[in-house]
Every structure is written in C-alpha cells, then in structure tokens.
Amino acid sequence: MWKKRLTYLLLFFLIVCVEVAIALLIQDQWIRPYGGDILAAAALYCLVRVFVPKRYKWFPLCIFFATVAVEVLQLIDILSLLGLKSSFLRILLGGTFDMIDIICYGIGCGIAWFIETGIYAAKHR
C-alpha cells in the first residue's frame, strides 16, 4: 500500500514540477493555458490517490466534478464575494472562468481514467 502511495506522490510532484516549468518558461497560446489545465486535473488525481490508494473507478469523474466546481467559483468570483484579496488564493483558485478549461479538465481526468484502467487490466489478466 505504501509503494502505491509513494508512486502517486512522486507522480504528483513530477506533474507539479512540469506545471511550474510551463508557467515559467512557456509563453504560448496553447500549452500554457490548456496543457496546464490538463496537467492540473492529473496532478489533483494523483494527490487524492496518495490519501486514498484504493482504486475506485469513479475517482476521475469525482476529480472532474471538483475541477468544474472550482471553475464555477471563478465564474461567480467567489473571492470578491467573500471580500478576500489574497494573491495566493487568487493564484490557487484561478482568475477567470473559461469553458475550455472544463474541457481540458475532462481530458486530464479521462487520461487518468484511461491509464488507471489500463494498469488495472494489465495486473488482472
């Protein structure tokens, strides 16, 4: 069980490092805005799996709903509604609603589901 948790923790940190590199080094119109969102969903999935290592086939869908909830919070500008002016929270939550972000989160969760399903199927042949 600890080996699985460690694997997901390492994957989480690897994805976060790639995201930071993208944020610092890439200034384009596709990879930074959309590739980062795809990776964000995958990173969140890996982080959850650190704490819940047992495989549940609905995890990627739950992660997708969580990311959509964050996007909706951006749409209603929850930080302003709550009177919070924290730069950290603004960076963490994101600043603007974009429907394409939801598609990217779906792609990231789909990739996580596809990889998990493939790994699970390979182990149980």
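Which residues in α1 are buried? In this helix, Y8, F12, I15 and I22 are buried. The report below sets these residues in the context of the whole chain, in a model that is predicted.

## Overall architecture

The protein chain has 6 helices and 0 strands. Read from the N terminus, its elements follow the order α-α-α-α-α-α. Taken along the principal axes, the C-alpha atoms fill a box of roughly 50 × 30 × 25 Å. The chain has 125 residues, and 29% of them count as buried.

## Helix α1

Helix α1 covers residues 2-25. With 24 residues at 1.5 Å a residue, α1 should span 34 Å, and its end C-alpha atoms are indeed 34 Å apart, so the expected and computed values agree.

The buried positions of α1 can be read with a general rule in mind. An α-helix has 3.6 residues a turn, so residues three or four places apart point the same way. The buried residues of α1 include Y8, F12 and I15. I22 is also buried in this helix.

At the N-terminal part of the chain, a charged side chain meets an aromatic ring: R5 lies over the face of W2, at 5.3 Å from the ring centre.

## Aromatic residues

The structure contains 4 aromatic pairs. One of them joins Y56 and F59, whose ring centres are 5.3 Å apart and whose planes stand at 70°; an angle over 60 degrees counts as edge-to-face, so this pair is edge-to-face. The two partners differ in their surroundings. Y56 has a relative accessible area of 39% and is therefore partly exposed, whereas F59, at 14% relative accessibility, counts as buried. The cut-off that decides the matter for F59 is 20%, because buried means a relative accessible area under that value.

A further aromatic residue, W113, is found in helix α6. Its relative accessible area is 42%, so W113 is partly exposed. W113 and I15 are 98 residues apart in sequence, and their C-alpha atoms are 16 Å apart in space.

## Pockets

Two pockets are described here, and the table sets out their volumes and the make-up of their linings.

| Pocket | Volume | Lining residues | Classes in the lining |
|---|---|---|---|
| Largest pocket | about 1,100 Å³ | 29 residues | 18 nonpolar, 6 polar and 5 charged residues |
| Second largest pocket | about 480 Å³ | 21 residues | 13 nonpolar, 3 polar and 5 charged residues |

Which residues lie nearest the centre of the largest pocket? They are D37, A40, I91, L92 and Y105. The elements that give two or more residues to this lining are α1 (2-25), α2 (31-51), α3 (59-75), α5 (87-93) and α6 (99-123). Among these elements, α2 gives the most, with 10 residues.

In the second largest pocket, the residues nearest the centre are Y8, L11, I115, E116 and I119. Two or more residues of its lining come from each of α1, α2 and α6. The largest share, 8 residues, comes from α6. Y8 thus appears in two descriptions: Y8 is buried in α1, and Y8 is among the residues nearest the centre of the second largest pocket.

## The cavity and residue D77

How many cavities of 30 Å³ or more does the structure hold? The structure holds 1 such cavity. The volume of the largest cavity is about 30 Å³. Its lining is formed by L73, Q74, D77, I78, L79, R90, L93, G94 and G95. The elements that give two or more residues to this lining are α3, α4 (78-81) and α5. By class, the lining of the cavity divides into 4 nonpolar, 3 polar and 2 charged residues.

D77, one of the residues that line the cavity, has further features to record. D77 lies in the loop between α3 and α4. Its phi is near 50°, a positive value in a residue other than glycine. Is D77 buried, partly exposed or exposed? At 30% relative accessibility, D77 counts as partly exposed. The reason is that 30% lies between the two cut-offs, because buried means under 20% and exposed means over 50%.

Methods. Residues are numbered from 1 along each chain as its sequence is written. This is a predicted model: local features need pLDDT of at least 70, side-chain atom pairs count only at pLDDT 80 or more; totals for chains, interfaces and linings use all residues. Side-chain values use heavy atoms; hydrogens and water are left out. Rings of Phe, Tyr and Trp (its six-membered ring) pair if their centres lie within 6.5 Å; planes under 30 degrees apart count as stacked, over 60 as edge-to-face and the rest as tilted. Buried means under 20% relative accessible area, exposed over 50%, partly exposed in between (1.4 Å probe, protein chains only). A charge sits over a ring if NZ of Lys or CZ of Arg is within 6 Å of the ring centre and within 35 degrees of the ring normal. On a 1 Å grid over the protein atoms alone, a cavity is a set of points where a 1.4 Å probe fits but cannot get out, and a pocket is an open set with protein on both sides within 12 Å along at least five of seven lines; lining residues have an atom within 4 Å of a point. Grid points are joined across faces, edges and corners, and a volume is the space filled by probe spheres set on the points. Helices (H or I, at least four residues) and strands (E, at least two) are DSSP runs, numbered from the N terminus. Ala, Val, Leu, Ile, Met, Phe, Trp, Tyr, Cys and Pro count as nonpolar, Asp, Glu, Lys and Arg as charged, and the others, Gly among them, as polar. The expected span of a helix is 1.5 Å times one less than its number of residues.
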